[in-house]
Amino acid sequence: MDYLKTKLHELMAIDSPTGFTESATDFVMKELEDLGYNPIKTLKGGVQCCLGGEGNPLIFSAHIDTLGGMVCEIKSNGRLKLTKLGGLQPNNIETENCRIYNRFGKVFTGCFQMNDPSVHVNNDYGTQARNFDNMEVVPDIVTSSRKETETMGISVGDIVCFDPRTVITESGYIKSRFLDDKLSVVILLQFAKMLKEENLKLKRKVYIYVTNYEEVGHGCSSALPEDAVEIVCVDMGCVGSQVQCTEHQVSICAKDSSGPSDYGVTTALIKAALEAGVDYAVDVYPYYGSDADAALHAGANLRHSLIGSGVYASHGYERTHLDGVRNTLSLIKAYTTEK
Ligand SMILES: [Zn+2]
C-alpha cells in the first residue's frame, strides 16, 4: 500500500475542482507513462489508457474532478461571494482554508467564513443559515473594498479550491475531502502498477478512463474507447443509514438514481467477489448519479455497473479505510485477471 498512500497524498495535493483539472490529469498521464503505458489525453481533458489484454473490452472509469467554488462576485467589503462547482455544501466548508487561482498564474490564500463570524460581536452566529449568501471567502490580502481586491488581481471567475486535509491514520483510516473520486483514480493507478509488477495476465482488454467533468454530470459522456462493450465505474461506495456497506468493504451498486445497473455485469462482479473471498456489500444508492449514467444518457451502447470503497460522510470531510481500498483492488483483479 506504500505506492497507493504516496500517490494519494501527491494527487490530493493537486487542486482539481471540476473545470480546473489540467494539473491533476497531467499527473495521471505522467504516472501511467512512468509505469510503461501509453495514455492519451482527450480533447475534453480526460485521460484514456489501454492496460492491455484482448477481447470483450472493458472500461474502468474514475473521475478526477472534485467539488470546489468559483468567485461570482467581489463584494463591496472586498471579500468574495462563491458559486459552487459540483454539489459543494457551504456548511461543509465553513472555516476551511482555500486557495484562489486567478487566470494569470497568481494564487492567493483565504478562508471560507460566515459573514460577521466573531461570536463576541454577532449574537446570531449559531443560528444563521449556512448558505452562499451568508458566507464569504476572506482573502488573505489587505482589502476593505471591491476596488482594492480587484487591484490585487482577484476577479469574478477565479477558481476557489479547499484544503483536502488528507490524513492516513495508524489504524488505516483515510480521511480527506475529495476521496470522491481521486481515491479511485489512485486505485486504478495501483492496479496498472500491479499488472506490470506482478506479471498478471488480463483475461480481456481493459481500459482505464479518468474523466474530469463527473461532478457536473458529463464526465463519461464522450470520448469512450470505441470498441468497449462494458463500463464499470470505480467511484465511492455509499455508507450510511439506508445502505449496508462499511468503510472496510467494496460496494457493488445494484441501482442508483438513474436505475438498475446491468444485471449480468453486476452479477458477474458479485460472483467474482465471492470466488476471490473479497469482503463486499451490494447496495441500492438512494441519491446517486455516476459517470456510467452519463455515458448511457449520452447514448453509449455499453453494459454498466459501479464499484468502490465505502466512503463515509460523502461530499463532506470523507473517510474510508485501507481495507475498503484493498477489497476494491482485489475485486478489480479478480474480475479481470487470470487466477
Ligand atoms: Zn464521485
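**Burial, ring pairs and the zinc site**

Colleague: Why is Glu 198 called partly exposed?

Modeller: The relative accessibility of Glu 198 is 42%. Buried means under 20% relative accessible area, exposed means over 50%, and partly exposed lies in between (1.4 Å probe, protein chains only). Glu 198 therefore counts as partly exposed. This is a predicted model, in which local features need pLDDT of at least 70 and side-chain atom pairs count only at pLDDT 80 or more, while totals for chains, interfaces and linings use all residues. Residues are numbered from 1 along each chain as its sequence is written, and side-chain values use heavy atoms, with hydrogens and water left out.

Colleague: What makes the approach of the side chains of Glu 198 and Lys 333 a polar contact?

Modeller: The two side chains are joined at 3.5 Å. A polar contact is a pair of N or O atoms within 3.5 Å; within protein, one atom must be able to donate a hydrogen and the other to accept it, and residues adjacent in sequence count only if both atoms are side-chain atoms. The value meets the limit, so the pair of Glu 198 and Lys 333 is counted. Glu 198 itself lies in the loop between α4 and β12 (206–211). Such elements are DSSP runs numbered from the N terminus: helices are H or I with at least four residues, and strands are E with at least two.

Colleague: How do you know whether Glu 136 is buried or exposed?

Modeller: Glu 136 has 2% relative accessibility and therefore counts as buried. This residue is placed in strand β8 (residues 135–139), and its side chain makes a polar contact of 3.3 Å with the side chain of Asn 77. Beyond residues up to four places away in sequence, Glu 136 touches several others, including Lys 75, Arg 79, Leu 80, Phe 112 and Met 114; a contact here means heavy atoms within 4.5 Å.

Colleague: Why is the pair of Phe 20 and Tyr 101 called tilted?

Modeller: Their ring centres are 4.9 Å apart and their planes stand at 55°. Rings of Phe, Tyr and Trp (its six-membered ring) pair if their centres lie within 6.5 Å; planes under 30 degrees apart count as stacked, over 60 as edge-to-face and the rest as tilted. The angle falls in the remaining range, so the pair is tilted. Phe 20 is in the loop between α1 (2–12) and α2 (22–34), and Tyr 101 is in strand β6 (residues 97–101), 81 residues apart. With a relative accessible area of 29%, Phe 20 is partly exposed.

Colleague: What makes the pair of Phe 60 and Phe 191 edge-to-face?

Modeller: The planes of Phe 60 and Phe 191 are 80° apart, and the distance from centre to centre is 6.3 Å. Both values satisfy the criteria, so the pair is edge-to-face. Phe 60 lies in strand β3 (residues 58–63) and Phe 191 in helix α4 (residues 179–197), so the pair ties together parts 131 residues apart in sequence. Both rings belong to buried residues, Phe 60 at 1% relative accessibility and Phe 191 at 0%. The structure holds 5 aromatic pairs, and ring pairs link Phe 112, Phe 132 and Phe 162 into a cluster.

Colleague: What makes the site of the zinc ion irregular?

Modeller: Its protein donors are His 63 (NE2), Asp 180 (OD) and Asp 235 (OD, listed twice), lying 1.9 to 2.6 Å from the zinc ion. Donors are N, O and S atoms within 2.8 Å of the metal (3.2 Å for Na, K and Ca); water is not among the atoms, so sites may look incomplete. The 4 donor atoms make angles of 52 to 140°. Four donors count as tetrahedral if all angles lie between 85 and 135 degrees; four count as square planar and six as octahedral if opposite donors are over 155 degrees apart and all others between 65 and 115; anything else is irregular. The angles meet neither four-donor criterion, so the site is irregular.

Colleague: How do you know whether Asp 180 is buried or exposed?

Modeller: Its relative accessible area is 5%, so Asp 180 is buried. Asp 235 is likewise buried, at 3%. The peptide bond from Asp 180 to Asp 181 is cis, with omega near 5°, and Asp 181 is found in helix α4.
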